[in-house]
Amino acid sequence: MSTSAGRKPRTDAERNRSRVLQSAGELFAAHGDAVQMADIAKAAGVGVGTVYRHFPTRQALVAAVAEERFAGILRHAREECLSLPDGRQALAGFLDAIGRAHEEGRGVSGVIEVAFGNTEPGGEVGAQLLDVGEQLLARGRADGTVREDAGVSDLYMIAGAVAAISRNAVGDWRRFVELALDGLRPQH
């Protein structure tokens, strides 16, 4: 975010934006779509005008919360999963991060779905997640833990199922991850 004449935002403005995002994420996780902008402002310790200055609409705030969630999954994949020596273990870590994010933030998922009609990552973060997914699959294919015909669209389908199972509490998403990873194993 930049201010007039291309200057960087002030430190206090950055801090306020960060507090608003954190408060929104926490309130959405706890109370879902019932949260109002005034509730977020109060929790962040700022005026409602400050919230709207950073996020002109509720949908813009929800988009930023969603992007932060997906950026966290991306960070985990890059920092933790890509460094694991075993391709299957790396994929398990990636899918686990997705399951935990949706389990711990069911209310956030609901708010995102109401605002956008789905909970899929989009934009630059979505593209980067697809890239990391392809890297994880390529490592698994190279070390023989993932079948040769497994593509990123397969992983995306599995990730979507993990997210749906987790956020809707319709089964044991961890067990689903185990079964899905077995399905990605090479057939001998």
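In what order do the elements of the protein run from the N terminus on? They go α-α-α-α-α-α-α-α-α, which fits a count of nine helices and zero strands. Here helices (H or I, at least four residues) and strands (E, at least two) are DSSP runs, numbered from the N terminus.

A quick note on ground rules. This is a predicted model, where local features need pLDDT of at least 70 and side-chain atom pairs count only at pLDDT 80 or more, while totals for chains, interfaces and linings use all residues. Residues are numbered from 1 along each chain as its sequence is written, and side-chain values use heavy atoms, with hydrogens and water left out.

## The overall picture

Taken along the principal axes, the C-alpha atoms fill a box of roughly 60 × 40 × 25 Å. The protein has 188 residues, and 41% of them count as buried. Buried means under 20% relative accessible area, exposed means over 50%, and partly exposed is in between (1.4 Å probe, protein chains only). About 9900 Å² of the protein is exposed, with carbon and sulfur atoms supplying 51% of that area. Accessible areas come from the Shrake-Rupley method with a 1.4 Å probe, and for residues only the protein chains shown count as cover.

Now for the contacts, meaning heavy atoms within 4.5 Å. Among those between residues at least 6 apart in sequence, 68% join residues at least 24 apart.

## Salt bridges

How many salt bridges does the structure hold? There are eight, each being a side-chain nitrogen of Lys or Arg within 4 Å of a carboxyl oxygen of Asp or Glu. As a general point, side chains of opposite charge can pair when their charged atoms come close. Here are some of the pairs.

| Pair | N to O distance |
|---|---|
| Asp96 and Arg100 | 2.7 Å |
| Arg141 and Glu134 | 2.5 Å |
| Asp149 and Arg147 | 2.6 Å |

Take Asp96 and Arg100: both belong to helix H5 (residues 87–104), and they are four residues apart, so about one helical turn separates them. Asp96 is partly exposed at 24% relative accessibility, and Arg100 is partly exposed too, at 28%.

In the pair of Arg141 and Glu134, Arg141 is buried, with a relative accessible area of 18%. Its partner Glu134 counts as partly exposed at 30%.

As for the third pair, Asp149 is exposed at 55% relative accessible area, whereas Arg147 is partly exposed at 26%. Elsewhere, Arg88, Asp182 and Arg185 are joined into one network by salt bridges that share partners.

## The largest pocket

The largest pocket has a volume of about 350 Å³. The search uses a 1 Å grid over the protein atoms alone, and a pocket is an open set of points with protein on both sides within 12 Å along at least five of seven lines, where a lining residue has an atom within 4 Å of a point. Grid points are joined across faces, edges and corners, and the volume is the space filled by probe spheres set on the points.

Which residues lie nearest the centre of this pocket? Of the 20 lining residues, they are Ile98, Pro121, Tyr156, Ala159 and Gly160. Helix H4 (58–81), H5, helix H7 (123–143) and helix H8 (152–168) each supply at least two residues of the lining. H8 gives the most, with seven residues.

By type, the lining divides into twelve nonpolar, five polar and three charged residues. In this scheme Ala, Val, Leu, Ile, Met, Phe, Trp, Tyr, Cys and Pro count as nonpolar, Asp, Glu, Lys and Arg as charged, and the others, Gly among them, as polar.

## Three alanines to look at

Ala97 is found in helix H5 and is buried, with a relative accessible area of 8%. Leaving aside residues up to four places away in sequence, Ala97 touches Ile73 and His76. The C-alpha atoms of Ala97 and Leu74 are 9.2 Å apart, with the two residues 23 apart along the chain.

Ala34 sits in the loop between helix H1 (11–31) and helix H2 (37–44). At 56% relative accessibility, Ala34 counts as exposed. The C-alpha atoms of Ala34 and Ala44 are separated by 17 Å, the residues being ten apart along the chain.

Finally, Ala169 is in the loop between H8 and helix H9 (173–184). Although not a glycine, Ala169 has a positive phi of about 50 degrees.

Technical notes. On a 1 Å grid over the protein atoms alone, a cavity is a set of points where a 1.4 Å probe fits but cannot get out, and a pocket is an open set with protein on both sides within 12 Å along at least five of seven lines; lining residues have an atom within 4 Å of a point.
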